[in-house]
Amino acid sequence: MSSSHPYSDLTPDRALDALDSTGLTADGRLLALNSYENRVYQMGVEDAQPVVVKFYRPKRWSDAAILEEHAYTLELAQAEIPVVAPLILNGATLHTHAGFRFAVYPKQGGRMPEFDRADTLQWMGRFLGRIHAVGARADFAQRPRLNIEAFGFASRDFLRDGKWLPADLVAAWDSVVDHALRSVAHCYDRAGEVRAIRLHGDCHAGNVLWTDSGPHFVDFDDSRMGPAVQDLWMLLSGEREEQQVQLDEILQGYEDFAEFDPRELHLVEALRTLRLIHYAAWLARRWDDPAFPAAFPWFNTQQYWQARILELREQIALMDEPPLVG
(Lines give C-alpha, C1' and ligand atoms only; values in the text may rest on other atoms or scores of the structure.)
Protein backbone atom coordinates (compact mmCIF):
# COMPACT_ATOMS: atom_id res chain seq x y z
CA MET A 1 0.00 0.00 0.00
CA SER A 2 1.03 3.59 -0.52
CA SER A 3 2.78 5.25 2.43
CA SER A 4 0.71 8.45 2.15
CA HIS A 5 -2.04 7.19 4.46
CA PRO A 6 -3.56 3.83 5.40
CA TYR A 7 -6.42 3.82 2.92
CA SER A 8 -4.84 5.52 -0.08
CA ASP A 9 -5.12 2.39 -2.21
CA LEU A 10 -8.65 1.39 -1.20
CA THR A 11 -10.39 2.57 -4.34
CA PRO A 12 -14.08 1.78 -5.02
CA ASP A 13 -13.10 -0.80 -7.63
CA ARG A 14 -10.73 -2.49 -5.22
CA ALA A 15 -13.40 -2.54 -2.51
CA LEU A 16 -15.88 -4.16 -4.90
CA ASP A 17 -13.26 -6.67 -6.03
CA ALA A 18 -12.69 -7.59 -2.39
CA LEU A 19 -16.32 -8.56 -2.01
CA ASP A 20 -16.16 -10.58 -5.23
CA SER A 21 -13.20 -12.50 -3.78
CA THR A 22 -15.46 -13.97 -1.07
CA GLY A 23 -17.77 -15.59 -3.62
CA LEU A 24 -20.45 -12.92 -3.39
CA THR A 25 -20.90 -10.96 -6.60
CA ALA A 26 -20.96 -7.20 -6.17
CA ASP A 27 -23.47 -5.47 -8.42
CA GLY A 28 -21.55 -2.17 -8.48
CA ARG A 29 -23.58 -0.29 -5.89
CA LEU A 30 -21.36 1.13 -3.16
CA LEU A 31 -22.22 3.58 -0.39
CA ALA A 32 -19.63 4.82 2.12
CA LEU A 33 -20.98 4.66 5.68
CA ASN A 34 -20.11 6.91 8.58
CA SER A 35 -16.89 5.39 9.93
CA TYR A 36 -13.42 6.83 10.45
CA GLU A 37 -11.38 4.27 12.36
CA ASN A 38 -12.12 1.73 9.63
CA ARG A 39 -13.60 2.11 6.17
CA VAL A 40 -17.11 0.70 5.93
CA TYR A 41 -19.27 0.40 2.82
CA GLN A 42 -22.73 -0.83 2.03
CA MET A 43 -22.49 -2.86 -1.16
CA GLY A 44 -25.13 -4.31 -3.43
CA VAL A 45 -25.00 -8.04 -4.19
CA GLU A 46 -26.43 -9.70 -7.28
CA ASP A 47 -29.61 -11.66 -6.52
CA ALA A 48 -29.23 -11.08 -2.77
CA GLN A 49 -29.64 -8.50 -0.04
CA PRO A 50 -26.99 -5.77 0.28
CA VAL A 51 -24.16 -6.34 2.74
CA VAL A 52 -21.88 -4.13 4.81
CA VAL A 53 -18.14 -4.56 4.32
CA LYS A 54 -15.65 -3.35 6.93
CA PHE A 55 -12.03 -2.80 5.87
CA TYR A 56 -9.90 -2.82 9.00
CA ARG A 57 -7.39 -0.06 9.59
CA PRO A 58 -3.97 -1.53 8.81
CA LYS A 59 -1.77 -2.33 11.81
CA ARG A 60 -4.40 -1.50 14.42
CA TRP A 61 -5.38 -5.04 15.41
CA SER A 62 -3.65 -8.36 14.91
CA ASP A 63 -5.51 -11.05 13.00
CA ALA A 64 -5.91 -12.94 16.27
CA ALA A 65 -7.52 -9.93 17.98
CA ILE A 66 -9.97 -9.43 15.11
CA LEU A 67 -10.90 -13.10 15.11
CA GLU A 68 -11.42 -12.97 18.86
CA GLU A 69 -13.93 -10.14 18.37
CA HIS A 70 -15.66 -12.13 15.63
CA ALA A 71 -15.86 -15.20 17.85
CA TYR A 72 -17.42 -13.14 20.65
CA THR A 73 -20.13 -11.66 18.42
CA LEU A 74 -20.89 -15.08 16.96
CA GLU A 75 -21.16 -16.46 20.49
CA LEU A 76 -23.63 -13.70 21.33
CA ALA A 77 -25.62 -14.34 18.17
CA GLN A 78 -25.75 -18.06 18.98
CA ALA A 79 -27.29 -17.07 22.34
CA GLU A 80 -30.02 -15.29 20.33
CA ILE A 81 -28.83 -11.84 21.36
CA PRO A 82 -29.47 -9.24 18.61
CA VAL A 83 -25.92 -8.42 17.56
CA VAL A 84 -24.76 -7.99 13.98
CA ALA A 85 -22.08 -10.67 13.59
CA PRO A 86 -19.83 -11.20 10.56
CA LEU A 87 -20.91 -13.61 7.86
CA ILE A 88 -19.00 -16.87 7.54
CA LEU A 89 -17.95 -17.05 3.89
CA ASN A 90 -15.78 -19.88 2.59
CA GLY A 91 -15.40 -21.03 6.17
CA ALA A 92 -13.95 -17.74 7.42
CA THR A 93 -15.04 -14.39 8.86
CA LEU A 94 -11.79 -12.49 8.16
CA HIS A 95 -10.68 -12.07 4.57
CA THR A 96 -7.77 -10.39 2.78
CA HIS A 97 -7.64 -8.67 -0.59
CA ALA A 98 -4.93 -6.42 -2.05
CA GLY A 99 -3.32 -6.00 1.35
CA PHE A 100 -6.53 -5.08 3.18
CA ARG A 101 -8.21 -7.24 5.81
CA PHE A 102 -12.00 -7.10 5.79
CA ALA A 103 -15.18 -8.71 7.06
CA VAL A 104 -18.66 -8.89 5.56
CA TYR A 105 -21.81 -8.28 7.62
CA PRO A 106 -25.50 -8.53 6.88
CA LYS A 107 -27.19 -5.18 6.42
CA GLN A 108 -29.22 -4.27 9.50
CA GLY A 109 -31.81 -1.53 9.30
CA GLY A 110 -32.95 0.55 12.23
CA ARG A 111 -33.17 3.99 13.76
CA MET A 112 -31.47 5.82 16.60
CA PRO A 113 -32.69 4.65 20.03
CA GLU A 114 -34.64 7.09 22.20
CA PHE A 115 -32.70 6.97 25.43
CA ASP A 116 -35.06 9.48 27.02
CA ARG A 117 -37.77 6.78 27.23
CA ALA A 118 -37.97 4.58 30.33
CA ASP A 119 -39.04 1.50 28.34
CA THR A 120 -36.11 1.94 25.93
CA LEU A 121 -33.63 2.10 28.81
CA GLN A 122 -35.12 -0.99 30.45
CA TRP A 123 -34.96 -2.82 27.11
CA MET A 124 -31.31 -1.77 26.68
CA GLY A 125 -30.58 -2.91 30.22
CA ARG A 126 -32.05 -6.36 29.58
CA PHE A 127 -29.97 -6.95 26.48
CA LEU A 128 -26.79 -5.54 28.01
CA GLY A 129 -27.36 -7.88 30.94
CA ARG A 130 -27.59 -10.78 28.49
CA ILE A 131 -24.47 -9.60 26.62
CA HIS A 132 -22.52 -9.38 29.86
CA ALA A 133 -23.75 -12.75 31.08
CA VAL A 134 -22.15 -14.24 27.97
CA GLY A 135 -19.14 -11.94 28.20
CA ALA A 136 -18.41 -13.14 31.73
CA ARG A 137 -18.05 -16.77 30.62
CA ALA A 138 -14.47 -16.33 29.39
CA ASP A 139 -11.74 -13.72 28.97
CA PHE A 140 -10.22 -12.22 25.86
CA ALA A 141 -6.65 -13.42 25.34
CA GLN A 142 -5.68 -11.12 22.45
CA ARG A 143 -7.60 -7.89 23.02
CA PRO A 144 -6.47 -5.21 25.51
CA ARG A 145 -8.02 -4.07 28.77
CA LEU A 146 -9.73 -0.78 29.38
CA ASN A 147 -7.63 0.82 32.11
CA ILE A 148 -5.94 4.02 33.20
CA GLU A 149 -2.63 3.00 31.65
CA ALA A 150 -3.90 2.44 28.11
CA PHE A 151 -6.57 5.14 27.91
CA GLY A 152 -5.08 7.67 30.32
CA PHE A 153 -1.31 7.73 30.67
CA ALA A 154 -0.53 6.50 27.15
CA SER A 155 -2.90 9.09 25.65
CA ARG A 156 -1.49 11.89 27.80
CA ASP A 157 2.07 10.97 26.88
CA PHE A 158 1.30 10.75 23.16
CA LEU A 159 -0.16 14.26 23.14
CA ARG A 160 2.66 15.62 25.28
CA ASP A 161 5.46 13.99 23.27
CA GLY A 162 3.93 15.04 19.96
CA LYS A 163 3.68 18.67 21.05
CA TRP A 164 0.06 18.90 19.93
CA LEU A 165 -0.84 21.69 22.35
CA PRO A 166 -0.43 25.39 21.55
CA ALA A 167 2.59 26.67 23.49
CA ASP A 168 0.54 29.03 25.66
CA LEU A 169 -1.76 26.19 26.80
CA VAL A 170 0.83 23.50 27.55
CA ALA A 171 1.22 24.34 31.23
CA ALA A 172 -2.52 24.50 31.84
CA TRP A 173 -3.13 21.22 29.97
CA ASP A 174 -0.28 19.40 31.73
CA SER A 175 -1.60 20.50 35.11
CA VAL A 176 -5.23 19.60 34.49
CA VAL A 177 -4.62 16.25 32.77
CA ASP A 178 -2.27 15.11 35.55
CA HIS A 179 -4.82 16.20 38.17
CA ALA A 180 -7.59 14.41 36.26
CA LEU A 181 -5.61 11.16 36.09
CA ARG A 182 -4.90 11.30 39.82
CA SER A 183 -8.64 11.66 40.36
CA VAL A 184 -9.30 8.70 38.06
CA ALA A 185 -6.86 6.63 40.12
CA HIS A 186 -8.70 7.65 43.31
CA CYS A 187 -12.01 6.53 41.76
CA TYR A 188 -10.50 3.14 40.99
CA ASP A 189 -9.20 2.93 44.55
CA ARG A 190 -12.68 3.67 45.92
CA ALA A 191 -14.23 1.04 43.66
CA GLY A 192 -11.73 -1.61 44.73
CA GLU A 193 -11.18 -4.83 42.81
CA VAL A 194 -14.00 -4.98 40.26
CA ARG A 195 -14.38 -7.76 37.75
CA ALA A 196 -13.30 -7.29 34.15
CA ILE A 197 -15.45 -9.01 31.52
CA ARG A 198 -15.73 -9.01 27.75
CA LEU A 199 -17.56 -5.83 26.73
CA HIS A 200 -19.04 -4.16 23.71
CA GLY A 201 -16.68 -1.36 24.69
CA ASP A 202 -18.24 1.52 22.75
CA CYS A 203 -21.96 1.24 23.51
CA HIS A 204 -23.27 4.65 22.47
CA ALA A 205 -26.41 5.49 20.51
CA GLY A 206 -24.58 5.36 17.18
CA ASN A 207 -23.76 1.68 17.71
CA VAL A 208 -27.34 0.66 18.47
CA LEU A 209 -29.95 0.27 15.72
CA TRP A 210 -33.53 0.27 17.01
CA THR A 211 -36.42 -1.57 15.40
CA ASP A 212 -39.90 -2.53 16.57
CA SER A 213 -38.33 -5.71 17.98
CA GLY A 214 -35.84 -3.72 20.08
CA PRO A 215 -32.11 -2.93 19.93
CA HIS A 216 -29.55 -4.41 17.56
CA PHE A 217 -25.94 -3.94 18.64
CA VAL A 218 -23.36 -3.23 15.95
CA ASP A 219 -19.62 -2.52 15.71
CA PHE A 220 -17.77 -4.51 18.36
CA ASP A 221 -14.47 -3.16 16.98
CA ASP A 222 -13.58 -1.63 20.38
CA SER A 223 -14.55 -4.73 22.33
CA ARG A 224 -12.16 -5.40 25.19
CA MET A 225 -11.94 -6.48 28.81
CA GLY A 226 -13.25 -3.99 31.35
CA PRO A 227 -15.84 -3.26 34.04
CA ALA A 228 -19.49 -3.83 33.12
CA VAL A 229 -20.36 -0.19 33.81
CA GLN A 230 -18.38 0.84 30.71
CA ASP A 231 -21.29 -0.40 28.58
CA LEU A 232 -23.85 1.41 30.76
CA TRP A 233 -22.56 4.91 31.44
CA MET A 234 -22.75 6.11 27.84
CA LEU A 235 -26.53 5.65 28.01
CA LEU A 236 -26.71 8.34 30.73
CA SER A 237 -27.13 12.04 30.04
CA GLY A 238 -28.31 15.28 31.62
CA GLU A 239 -28.06 16.45 35.22
CA ARG A 240 -27.28 14.13 38.10
CA GLU A 241 -30.96 13.67 39.01
CA GLU A 242 -31.79 12.71 35.42
CA GLN A 243 -28.89 10.28 35.25
CA GLN A 244 -30.01 8.63 38.48
CA VAL A 245 -33.48 8.01 37.05
CA GLN A 246 -31.96 6.65 33.82
CA LEU A 247 -29.60 4.37 35.74
CA ASP A 248 -32.49 2.98 37.78
CA GLU A 249 -34.35 2.08 34.59
CA ILE A 250 -31.29 0.45 33.00
CA LEU A 251 -30.49 -1.63 36.07
CA GLN A 252 -34.12 -2.69 36.41
CA GLY A 253 -33.72 -4.51 33.10
CA TYR A 254 -30.04 -5.42 33.47
CA GLU A 255 -30.38 -7.31 36.73
CA ASP A 256 -32.97 -9.65 35.23
CA PHE A 257 -30.02 -11.33 33.51
CA ALA A 258 -26.77 -10.30 35.24
CA GLU A 259 -25.72 -9.14 38.66
CA PHE A 260 -24.38 -5.59 38.78
CA ASP A 261 -21.67 -4.66 41.29
CA PRO A 262 -22.65 -1.22 42.65
CA ARG A 263 -19.00 -0.46 43.47
CA GLU A 264 -18.51 0.07 39.73
CA LEU A 265 -20.55 3.27 39.97
CA HIS A 266 -17.42 4.89 41.43
CA LEU A 267 -15.97 4.48 37.92
CA VAL A 268 -18.63 6.30 35.87
CA GLU A 269 -16.99 9.73 35.84
CA ALA A 270 -13.52 8.16 35.80
CA LEU A 271 -14.36 6.25 32.63
CA ARG A 272 -15.89 9.36 31.11
CA THR A 273 -12.65 11.23 31.87
CA LEU A 274 -10.50 8.50 30.32
CA ARG A 275 -12.66 8.58 27.20
CA LEU A 276 -12.20 12.34 26.84
CA ILE A 277 -8.41 12.08 27.07
CA HIS A 278 -8.27 9.02 24.83
CA TYR A 279 -10.49 10.68 22.21
CA ALA A 280 -8.16 13.68 21.89
CA ALA A 281 -5.19 11.35 21.47
CA TRP A 282 -7.12 9.22 18.96
CA LEU A 283 -7.70 12.25 16.75
CA ALA A 284 -4.02 13.15 16.96
CA ARG A 285 -2.92 9.59 16.16
CA ARG A 286 -5.10 9.55 13.05
CA TRP A 287 -4.34 13.06 11.81
CA ASP A 288 -2.24 11.79 8.88
CA ASP A 289 -5.39 10.18 7.45
CA PRO A 290 -6.98 12.82 5.18
CA ALA A 291 -10.43 11.76 6.32
CA PHE A 292 -9.74 13.18 9.78
CA PRO A 293 -8.86 16.82 8.97
CA ALA A 294 -11.86 16.85 6.63
CA ALA A 295 -14.25 15.47 9.26
CA PHE A 296 -12.82 17.18 12.36
CA PRO A 297 -11.58 20.61 11.21
CA TRP A 298 -12.00 21.99 14.72
CA PHE A 299 -9.42 19.62 16.20
CA ASN A 300 -6.12 21.08 17.40
CA THR A 301 -7.33 24.66 17.34
CA GLN A 302 -6.84 27.03 20.25
CA GLN A 303 -10.55 26.85 21.00
CA TYR A 304 -10.53 23.05 20.96
CA TRP A 305 -7.83 22.74 23.61
CA GLN A 306 -9.33 25.49 25.76
CA ALA A 307 -12.60 23.56 25.76
CA ARG A 308 -10.81 20.30 26.68
CA ILE A 309 -9.05 21.98 29.61
CA LEU A 310 -12.37 23.30 30.89
CA GLU A 311 -13.99 19.91 30.36
CA LEU A 312 -11.34 18.13 32.40
CA ARG A 313 -11.68 20.67 35.22
CA GLU A 314 -15.39 19.90 35.31
CA GLN A 315 -14.64 16.18 35.37
CA ILE A 316 -12.27 16.61 38.31
CA ALA A 317 -15.11 18.20 40.26
CA LEU A 318 -17.53 15.44 39.28
CA MET A 319 -15.09 12.73 40.32
CA ASP A 320 -15.02 14.27 43.81
CA GLU A 321 -18.79 13.88 44.18
CA PRO A 322 -20.49 10.76 45.58
CA PRO A 323 -21.36 8.24 42.86
CA LEU A 324 -24.83 7.50 41.57
CA VAL A 325 -26.71 4.91 43.60
CA GLY A 326 -27.36 1.51 42.11
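Asp20 sits in helix 1, which covers residues 12-20; helices here are DSSP runs of H or I with at least four residues, strands are E runs of at least two, and both are numbered from the N terminus. This is a predicted model, where local features need pLDDT of at least 70, side-chain atom pairs count only at pLDDT 80 or more, and totals for chains, interfaces and linings use all residues. Residues are numbered from 1 along each chain as its sequence is written, and side-chain values use heavy atoms, leaving out hydrogens and water.

With a relative accessible area of 33%, Asp20 comes out as partly exposed, the class between buried (under 20%) and exposed (over 50%), using a 1.4 Å probe and protein chains only. Asp20 also joins Asp13, Asp17, Glu46 and Asp47 in a surface patch of negative charge. Such a patch takes residues with over 30% relative accessible area and no salt bridge, joining like charges within 9 Å; a salt bridge would put a side-chain nitrogen of Lys or Arg within 4 Å of a carboxyl oxygen of Asp or Glu.

Over in the loop between strand 8 (214-217) and strand 9 (225-226) there is Arg224, which is buried at 8% relative accessibility. Its side chain gets to the backbone oxygen of Asp222 at 3.2 Å.

Then there are two asparagines to look at. Asn90, in the loop between helix 2 (63-78) and strand 4 (95-97), has a positive phi near 55° without being a glycine, and is exposed at 65%. Asn300, in the loop between helix 9 (291-295) and helix 10 (302-319), has a positive phi of about 70° and is partly exposed at 28%.

Note on methods
Patch = residues over 30% accessible without salt bridge, like charges linked within 9 Å, V, L, I, M, F, W, Y side chains within 5 Å. Areas by Shrake-Rupley, 256 points an atom, 1.4 Å probe, with all protein chains shown as cover. Lys, Arg positive; Asp, Glu negative; His and termini not counted. Charge placed at Lys NZ, Arg CZ, Asp CG, Glu CD. Polar contact = N/O pair within 3.5 Å; in protein donor to acceptor, adjacent residues only side chain to side chain.
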